[in-house]
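This report describes a predicted model, with attention to its interface, its ligand site and its backbone geometry. The structure is shown first.

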Amino acid sequence: MNEGPFSQLLKVDGINKIERYLEQGGYSALKKALGMKPDEIIEEVKTSGIRGRGGAGFPAVVKWSFIPKDKRPVYLVCNADEGEPGTFKDRYIIEKIPHLLLEGIAISSYAVGANFALIYIRWEYVREAEILKNAIREAKEKGMLGKNIMGSGFDLEVVVHRGAGAYICGEETALLESAEGKRGNPRVKPPFPANVGLYGAPTVVNNVETLASVPLIIEKGGKWYASIGKPKSTGFKLFAVSGHVKKPGLYEKPMGYPLLKLINEDCGGIREERKLKAVIPGGTSTPPLTAEEADVSLDYESIQEKGSMLGSGAIIVMDDSTCMVYVAKKLADFYSHESCGQCTPCREGMPWLKEILARIENGLGESDDIPLLMDICTGILGRTLCPLGDAGALPILAYVKKFREEFEAHIKEKGCPFKGKK
Amino acid sequence: MIPEEKLKELKEMEKIYPDKRSLLLPYLQAIQDIYRYISDEAIEFVAKELSLNPSFVLGVLTFYTYFSRTKRGKYHIQVCRNLSCSLLGAESLIDYISKRLSLKPGETSSDGRFTFSLVECLGCCDRAPMMINDKYYTDLTLEKVDEILSSLR
Ligand SMILES: Cc1cc2nc3c(=O)[nH]c(=O)nc-3n(C[C@H](O)[C@H](O)[C@H](O)COP(=O)(O)O)c2cc1C
Ligand code: SF4
Ligand code: FES
């Protein structure tokens with residue numbers, strides 16, 4: 001069962017059209033917001049306690065309040081790059097309820113004083129980009145975007161900007177570089193985008209799901225939102241479940257929902273009545289939980305206590321036929337391909353991890369390869385310019401540590417013990 | 001280089017953006033979509049339109065996998081090789097397509113019809129997808145792949 005505000009809207013047929021969205025009470029939160037002072041909106045969203053849904057879980061509004069009040073222009077960027085492996089939640093929002101996202105963008109832009117908002121969307125979402133462009137056109141015709149929105153005197157232009165195939169462009173500063181027409185190399189922080197963002201102007205960058213939650217918070221109030229979930233992980237969250245479950249897909253749950261309940265009840269359990277071996281709680285950049293560790297509730301603190309992260313809410317389930325060396329190698333392939341190459345530990349370390357993991361998987365590993373893997377991971381951790389280095393090294397280190405006996409078995413038996421047993 | 005209508009659309013966009021340098025990716029995308037690669041001539045053209053240095057344009061386009069300096073096939077078959085899809089058996093799908101097209105990942109057929117690429121997560125992990133040009137195909141079985149590939153002419 002899906003519960004929560006997104007699911008209710010996702011069920012309404014044809015709600016991607018503005019007429020239908022208006023019938024459902026759409027854009028009333030924007031109307032309400034335009035009658036409020038920007039600071040009141042920021043206060044309301046602060047009360048809600050919502051944390052960024054893009055992966056880092058940073059309180060969304062802290063960034064908003066860093067925007068200098070006396071500097072103009074200010075820009076708002078919606079991060080729709082959705083590249084974290086396992087994640088497919090933003091796509092549903094854009095495809096089915098684009099106006100909810102636009103309404104959230106409009107309210108947030110008004111709150112921070114932006115008259116230009118850019119939606120950076122990964123190129124593969126061709127259809128979704130078209131849906132957004134159509135929705136923008138409709139909203140402009142109805143006076144919900146563009147000049148003098150609902151007679152309030154507030155102007156907002158929204159553009160859909162397509163990426164060109166680079167995971168790193170989901171990182172906010174790489175995204176800004178890319179949106180300026182450059183290579184997507186992350187910038188050194190500080191300064192943070194709230195001070196120096198797009199073309200040097202103060203810029204708020206938020207994820208699709210974060211921005212799409214704003215209308216609800218304005219409509220029902222921050223207090224109401226904060227009453228859902230856990231004290232420090234408030235509200236509803238979209239979970240994208242993939243891997244070895246019977247019913248993969250998108251699930252909306254209040255924060256704090258039990259992970260095992262999601263897997264065993266909502267998703268119908270593990271396929272072929274197999275046993276759970278490991279689960280990735282928040283996209284491949286987050287360390288896996290073993291079956292024992294999986295008895296945890298889905299909120300930022302609880303997952304962190306188990307040494308992992310809620311990340312983007314992309315849950316990847318693996319049954320007992322899964323080879324953990326293979327999984328670690330898949331990760332190394334990905335992060336070495338996506339490293340932008342700016343810093344040495346990431347650029348050099350990832351391909352080494354990839355090579356060593358490939359030789360272990362292929363039965364050519366040596367016993368000192370295991371300490372070597374760990375050594376390379378720790379050599380990357382904390383020594384890179386952007387979080388991609390850690391995003392690769394931290395989980396890979398966790399696979400080696402948590403499933404060390406599998407790595408040893410590959411080396412001892414000179415091959416993958418799982419091959420041919422599936 | 002770019003059809004008039006599309007060029008007009010790009011010029012309109014220039015007015016909305018804070019700075020026209022942001023249009024570099026949209027220009028290159030338009031060209032890649034029409035010609036299936038970015039030629040030296042195209043680089044010169046875009047550089048001039050946006051008052052940029054051609055070597056800068058080259059530097060940018062080589063960063064992104066969307067752009068190609070050699071001509072891609074009429075059909076660009078892209079299969080996800082990332083974790084969730086691999087757990088659902090993407091590897092046998094990849095082997096199958098590779099054999100059927102007689103192409104290794106990254107290759108283009110000599111008749112210019114197909115380019116076969118392995119790509120990272122396509123954001124559709126519950127349904128193990130592949131993309132042909134800009135369209136997603138999901139819930140693939142070998143029979144379904146056969147059908148789809150046969151329909152490409
Ligand atoms: C390598 C890397 C990739 C990222 N990819 C995405 C992404 O695809 N979408 C996203 O919203 N955030 C992504 N982020 C997080 C962004 O940098 C940023 O924190 C986020 O967009 C802020 O929005 P939020 O506060 O609403 O979560 C990524 C971060 C890193 C380090
Ligand atoms: S950590 Fe990797 S992706 Fe990030 S800036 Fe350094 S080289 Fe680039
Ligand atoms: S892992 Fe294949 S689409 Fe996400």
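Between chain B and chain A there are 22 residue pairs in polar contact, both residues having pLDDT 80 or more. A polar contact here is a pair of N or O atoms within 3.5 Å; within protein, one atom must be able to donate a hydrogen and the other to accept it, and residues adjacent in sequence count only if both atoms are side-chain atoms. On the side of chain B that touches chain A, helix H2 (24–35), helix H4 (54–61) and helix H5 (83–87) of chain B each supply at least two residues. Helices (H or I, at least four residues) and strands (E, at least two) are DSSP runs, numbered from the N terminus. That side of chain B comprises 21 nonpolar, 11 polar and 7 charged residues. In this division Ala, Val, Leu, Ile, Met, Phe, Trp, Tyr, Cys and Pro count as nonpolar, Asp, Glu, Lys and Arg as charged, and the others, Gly among them, as polar.

The model is predicted: local features need pLDDT of at least 70 and side-chain atom pairs count only at pLDDT 80 or more, whereas totals for chains, interfaces and linings use all residues. Residues are numbered from 1 along each chain as its sequence is written, chains are lettered from A and ligands numbered from 1 in the order in which they are written, and side-chain values use heavy atoms, with hydrogens and water left out.

**Extent of the interface**

In terms of contact (heavy atoms within 4.5 Å), 39 residues of chain B meet 59 residues of chain A. The two chains bury about 3800 Å² between them, 60% of it on carbon and sulfur atoms; buried area is the accessible area (1.4 Å probe) that two parts lose on being put together, summed over both. In chain B, the residues that lose the most area to chain A are B:Phe63, B:Leu83 and B:Leu87, together 18% of what that side buries.

**Salt bridges**

A salt bridge is a side-chain nitrogen of Lys or Arg within 4 Å of a carboxyl oxygen of Asp or Glu. The rule finds 1 salt bridge across the interface of chain B and chain A. B:Glu91 forms a salt bridge with A:Lys330, with the closest N and O atoms 3.6 Å apart. Over all chains the count comes to 44. Within chain A, A:Lys230 and A:Asp299 form a salt bridge at 3.1 Å, N to O. A:Lys230 lies in the loop between helix H11 (222–226) and strand S5 (236–243) of chain A, and A:Asp299 in the loop between strand S10 (297–298) and helix H13 (300–305) of chain A, so the pair ties together parts that are 69 residues apart in sequence.

**Ligand site**

Ligand 1 is surrounded by 18 residues, the closest being A:Gly54, A:Lys63, A:Asn79, A:Asn207 and A:Thr210; a residue is counted if one of its heavy atoms lies within 4 Å. Polar contacts of its oxygen atoms include the following.

| Residue | Partner atom in the residue | Distance to an oxygen atom of ligand 1 |
|---|---|---|
| A:Arg53 | polar backbone atom | 3.2 Å |
| A:Asn79 | side-chain N or O atom | 2.9 Å |
| A:Thr210 | side-chain N or O atom | 2.7 Å |

**Fold of chain B and backbone geometry**

Chain B has 7 helices and 4 strands, in the order α-α-α-α-β-α-α-β-β-β-α along the sequence. Its C-alpha trace spans about 50 × 35 × 25 Å along its principal axes.

Most residues other than glycine have a negative phi, and most peptide bonds are trans. The peptide bond from A:Arg72 to A:Pro73 is cis, with omega near 0 degrees, and A:Pro73 sits in the loop between helix H5 (60–66) and strand S1 (75–80) of chain A. A:Tyr27 has a positive phi, near 65 degrees.
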